[in-house]
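Colleague: I should be grateful for a close look at one acidic residue in this model, and then at how its surroundings fit into the rest of the chain.

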Amino acid sequence: MAQPTQEEMDEYKDAFALFDSEGEGKIESDQIGCLLRSLNLNPDDEDIVKIEKDVGNRRVTFEEFLAIFLAEKQKAKSVTAQQFIDTLSVFDKDNAGKVASGELRHVLTALGNKLRAKDVDILFEDVGEHAGFVNTADFVNMIMSN
């Protein structure tokens, strides 16, 4: 993996500083997950628990956080829009490029890293729900653009 550019390092340091409530160049170990997510990584809850356990209940320096961040970034899987659409096609019974909004809502609120119902409402509002269906490509493109 390539070393971060100076611009990326500045972004990481700025984000870290926002979590450094005491201005000592350290953050609480239980803030690592939120900080990773603020930098566009999406570790699951199990990964966060493992990181926090490995670190222990202490304050973490930027250098320690950076090592964790880079390791997590390397582990992160990049998913293409087409792979995402292909995955959702399991729910596209008519092969029409759309999924039943009720079924998609159930998947988003009941499986994996669950979303809250109000978050799903916002997603559906943003992408547009028509006659009880959500256009798969529109949904994926909206999700991936955020």
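Modeller: The residue to consider is Asp92, which is buried (under 20% relative accessible area, where over 50% is exposed and values in between are partly exposed, with a 1.4 Å probe and protein chains only). Asp92 nevertheless has no salt bridge (a side-chain nitrogen of Lys or Arg within 4 Å of a carboxyl oxygen of Asp or Glu). The nearest side chain of opposite charge (Lys and Arg count as positive, Asp and Glu as negative, while His and the chain ends are not counted) belongs to Lys98, 7.4 Å away.

The model is predicted: local features need pLDDT of at least 70 and side-chain atom pairs count only at pLDDT 80 or more, whereas totals for chains, interfaces and linings use all residues. Residues are numbered from 1 along each chain as its sequence is written, and side-chain values use heavy atoms, with hydrogens and water left out.

Asp92 sits in the loop between helix H5 (81–88) and strand S3 (98–100); helices (H or I, at least four residues) and strands (E, at least two) are DSSP runs, numbered from the N terminus. Its side chain reaches the backbone nitrogen of Gly97 at 2.7 Å. A polar atom of the Asp92 side chain also lies 3.1 Å from the backbone nitrogen of Asn95. Leaving aside neighbours within four places in sequence, Asp92 is in contact (heavy atoms within 4.5 Å) with Gly97, Lys98 and Val99.

UniProt, in an unreviewed entry, places the feature "domain: EF-hand" at residues 7–42 and 79–114; such annotations may be inferred rather than shown by experiment. Residues 79–114 are 50% helix and 8% strand, with the end C-alpha atoms 19 Å apart. For residues 7–42 the values are 56% helix, 8% strand and 21 Å.

Elsewhere, the largest nonpolar core (buried Ala, Val, Leu, Ile, Met, Phe, Trp, Tyr and Cys residues joined through side-chain atoms within 4.5 Å) has 19 residues, and Tyr12 and Ile32 are among those with the most contacts inside it. Helices H1 (6–19), H2 (32–38), H3 (45–55) and H4 (62–75) each give two or more residues to this core, and H4 gives the most, with 5. Apart from this core lies another, of 12 residues, among them Leu104 and Val120.

Tyr12 lies in helix H1 and counts as buried because its relative accessibility is 3%. Leaving aside neighbours within four places in sequence, Tyr12 is in contact with Pro4, Leu39, Phe62, Leu66, Phe69 and Lys73.

Notes. A polar contact is a pair of N or O atoms within 3.5 Å; within protein, one must be able to donate a hydrogen and the other to accept it, and residues adjacent in sequence count only if both atoms are side-chain atoms.
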